[in-house]
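User: I would like to learn how to read a helix and a buried residue in a model. Please take me through an example.

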Amino acid sequence: MMMQEAGRHVARAILHGSGRTGARVAPSWSGLMSGSARCISGSSVLSTWWGHVGPAPKDPILGVTESYLADPSDGKVNVGVGAYRDDNGQPVVLECVRMAEQRIAGIEYMEYLPMAGMKRFNGLAIKLAYGDDSPVIKERRVAAVQALSGTGACRLMADLQHRFRPESQVFFPVPTWSNHLNIWRDANVMVKSFRYYNPKTKGLDFEGMMEDVKNAPNGSFFVLHACAHNPTGVDPSTEEWKEVSSLFKEKNHFVVFDMAYQGFASGDTSKDRQAIRIFLEDGHQVACAQSFAKNMGLYGQRIGCLSIVCHSEMEAANVQSQVQQIARPMYSNPPLHGAHLVATILSDPGLKELWLKEVKMMADRIKLMRSLLREHLEGIGSQINWEHITKQIGMFCFSGLTPAQVDELTKNYHIYMTRNGRISMAGVTTKNVEYLAHAIHTVTKAQK
Amino acid sequence: MTDRLRATSSSGIGCKGKERVAAIAGHICPIAGGPGDREGDRGGGGGGGEVSRFDEVSLLAAMASEEVHCAPISAWAKLAQAPEDPILGVTVAYNRDPNPVKLNLGVGAYRTDEGKPYVLHVVRRAEAALVGDRSRNKEYLPIVGLAAFNKLSRALAFGADHPAVLSNRIATVQCLSGTGSLRVGAEFMAQHYHTPVIYVPVPTWGNHNKVFPKAGLKLLTYRYYDPATRGLNFAGMIDDLQAAPDGAVILLHACAHNPTGVDPLPEQWDAIRQVIRAKRQLPFFDSAYQGFASGDLDVDAYSLRSFAADGGEMALAQSFAKNMGLYGERVGALSMVCATPEAARLVEGQLKLVIRPMYSSPPLHGAAIVATVLGDEKLFQEWKVELKGMADRIIDMREKLYQALVARGTPGNWTHILKQIGMFTFTGLNKTQVDFMREKYHVYMTGDGRISMAGLSTSTVPRLANAIDDAVRNVA
C-alpha cells in the first residue's frame, strides 16, 4: 500500500515537473524532444549492464572470410567458406535465378507467408528431395515447412526433437559442420558423436561408424550428410549406404538427412539423393534439412525446407502444425523472396532444365579444380599421397593439413581456410591453383 | 534383444492397419519395444526394455488400443495437432469461409480502400533497381546482416544525429522483422542479463507471450489498459513498475500499442522513464508502427528517442513489415543501446552467437529494399508521403466507423475509436460478440475484440457498423 502511494506521489510530482533530489542531469538534447532529459539512476551515467559480457569467439568458418576481407594483400586466396566462385574468383548469380527474378519482380504482393511458408515451394522442394513420384509424397505423409536455409531447417528439427523426444540424443559424424553442434546445443539436446572420417586413409571409417551406430541406444537421432559430406567430402558408397540403412532399421534410429549440396556432389540431383532413396525404400521415416543456398546460389536469401516423412497423412499434419509452433516465436513466418525464386525455377520446365545444366557446370568446374590441384602437387614433387583430393566429393577437400600448417599458409601466403584443413574447392581457380599447390607443398614438405 | 528379434523387428516399418496387425501376427515383435529403449536395460519406459515375451493375443488386443508399437514406430506418434495461432489463425479461418462478403479484420496488414494489399511505390522502384543491377550478388550476408541497412535503420529509429548514434554506442543487427528482433534480443538477455525477467503490458501482442518464455525469460505483467475508460491506466502502470524488481526488463510498445491503440502522452512517457531509470530497469522497445501512428516518423519515435537520450541503456526491436509494407520479407533490426562503445561491441559479438545456431545470417532481399529506400533522399521523401497516406486512410476509417455507429445510435461510448492510435481498435467487444459477428456477418477479428482498421474500407464500414450494432444490442 505504502509503496503504491509513494509511487503515485512520485508520478504526480514528476508529471508536474519537480525532479527528485540527488539526480544527475544528463545533457539536455533539446533539439530532440521537449523538456529536459534526466538520468536519475543515482549512479554514473556511463555504467553499463553489459560490462561482464565477454568477447565472443569468432565463428570458425565465417570468421575466416572476415579475416580474408581484412587482408590488404594482392593475390590473397579465400578457400574458406563454402560459397561457389567462378574461374575468376567471383560470386555467381545463376542465369536461371536472374530470369526468375525478372519474372517475379513487380508482380507479387509481399504479404505474410503462412507459418509453414510457401506451400507451392514446399511441395516442389520435397519432390526434389524425395523424387517426383515418391510414394511418401503421393500418400501425403510428408510434413514440410519452409525454413531459413539449412541452418533454419536444422534448428526447427532440433527444437522439435527437444520438445517431443526430450529423452533422445543426437549423434553427429566426426567431423561435422561446426554449426550443427551449436544448433542442437542451443536446442538443449544432448550431443553425441560417431566415428566417420579416417585420417589415415582420408576416407570413410566404415567399421568404426557401424560399430558406433550399433552401440548407440535404440531410437537415437542421427544427423547424416546426404551427400558431399562437410567438411571431409567423404561419402559412403551405394553399398555402404545400404548397409547403414539396414543397421538403422534394426536399431530403430531416426535419421535427419542434412542435404545442402544436392546437385553439387555428382552434378546430378537425382544421383545425389540416393541415400535418401535407399532409406525410403527400406521403409524409414526420415527427416531432411534441405538448403538451396549452394545449388541455386541463393546463399543470402536463406531458403530451405525441413521435411519429415510420417506414418500417415494425419500424423504429417500434426507434425507440421507443431513445427509451425516452433517457427512462430522465432520469426513468425519465413521470408518470401527466396521461396518465390525457387518455386518459379522448379515449376517451369525451361528454367528447371537451365538450372540443372548450371548446377552440373558448377560441379564440373569443382571436379576440374580437384584434378588440377592434385596434378600440380604431384607435378612439383610432393611426396604426400594426394589421392583424396580427387576422391573426395563436393565443395570441400579435407586436405589433411594441420592447424599449424594452415596458420602458416595464412601468415606467409595469405591463403585462408578453416583451421581443420578444409579447402573450399569452389574458391580454387585456374589462376590460383598453381600458387595454392606451391604453398601447400612448401608447408608440408617436412612431413611424409 | 536376441539376434532373431533384431532381424525381424524391421517388419513393422510403414505398415498400417490390417497389414500392421498381420505383420505382427506373422512375425515376432517386441511388446513396448521402441525408441528410447536401451538394450539390456530393464524397467525403463513403458513395459520394460528387455523384451523376451511375445504374446500374439495380447499383442493384437493392445494393438487395437494403440498401446503397443511394432518396431520401428514413428518418432512422432504421440504428437497432437497444435492449436491455431490466435492471430494468424483468424486469417486461416477467413480463407476457409466461402461467403462472398466476408471481412477480414484480423491480422494487421494494410489494405487499400479497395481492400487490396498494397506494395509501396518506393518499394517497387527499389525492387526494380535491385533486379536491374547485375553487379549485385546473392552472397551470404554477415551474421549481423546488411551493414547499410543496420546503419539506416538505426538512424531512422533514433535520428541520424542522435548523440547515442554519434557516439557509436548502439549495436544494431538485422533480424527477421519484429518477431526475430524480439527473440534474438530476449535470448541474449536470458543468457547475459542479470535479471532475466520481463514485464509486458496487459494486454499485449499475443506472440510476446510465446517469444519471451521460449527465449528463457520469465514473463510477468504490468497494468496498462483500463477497460473502464478504454484508455491508459497510468497510475496502475507506474505502481506496477515501481513494484517490479530493480533491474527487470520492461517491454514497452514504442507507439500504436497493439492491440489497444492506447499510447502514453509525452509527459507520461517522461514519468515512465523516470521510474524505469530510478529502478535501473532495462527498457525493451517494440517498434512496429513508426510512422503509422501519427503519420510522422519523428513524432512516433518520441518515446524511444527520449530513453536513448538520457544516458541509460535500452533495447529496440524494429520492424519494417507495416511501415514499408514488407510483411513477407521479414525485415527488422535489433538495436542495443549501451553505455559505452566498448559494451556495444561486446554485445554485438554475443548477439552473433545467438543468431548463428538459429539461421546463420538474415535474408537479403528485404533489407536491400529498405536500404535502397532509406539511402536515397528522393525515395525517402516519397516514402514518407506514402506512409502518411496509409496512416491518414486509417484515421479516415476511424472517423467513418465512429460516425456510422453514432448514426445507428449504437449503445455505448465509441469515442475510443477516434482516440486510439495506429492500426488497431480495441473495440471492447467480448468473445461471445466476436463469435456472433463471425457467425452471422462473416466478420473476422481476434477473440479479444481487436479490429484491424487497415482492413476496413469505405464500402465495408456500414457492414461492420451493422454487425457491431447487432452484437451490442442483442448479444451479452
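User: What should the 12 residues of helix H5 (residues 121-132) of chain B span at 1.5 Å a residue, and how far apart are its end C-alpha atoms?

Analyst: This is a predicted model, in which local features need pLDDT of at least 70, side-chain atom pairs count only at pLDDT 80 or more, and totals for chains, interfaces and linings use all residues. Residues are numbered from 1 along each chain as its sequence is written, chains are lettered from A and ligands numbered from 1 in the order written, and side-chain values use heavy atoms, without hydrogens and water. The expected span of a helix is 1.5 Å times one less than its number of residues. For H5(B) that gives 16 Å, and the end C-alpha atoms are 16 Å apart, which agrees.

User: Which residues of H5(B) are buried?

Analyst: An α-helix has 3.6 residues a turn, so residues three or four places apart point the same way. In H5(B), the buried residues (under 20% relative accessible area, 1.4 Å probe, protein chains only) are B:Val122, B:Val123, B:Ala126, B:Glu127, B:Leu130 and B:Val131. They fall within an arc of 170 degrees seen down the axis, so they line one face of the helix. On the other side, B:His121 and B:Gly132 are exposed (over 50%).

User: What covers the buried residues of H5(B)?

Analyst: The cover includes helix H3 (95-104) of chain A, and helices H15 (364-375) and H16 (377-408) of chain B.

User: Is B:Gln290 buried or exposed?

Analyst: B:Gln290 counts as buried because its relative accessibility is 3%. Its side chain reaches the backbone oxygen of B:Leu156 at 3.0 Å.

Terms used
Helices (H or I, at least four residues) and strands (E, at least two) are DSSP runs, numbered from the N terminus. The arc is that of the directions from the helix axis to the C-beta atoms. Contact means heavy atoms within 4.5 Å. A polar contact is a pair of N or O atoms within 3.5 Å; within protein, one must be able to donate a hydrogen and the other to accept it, and residues adjacent in sequence count only if both atoms are side-chain atoms.
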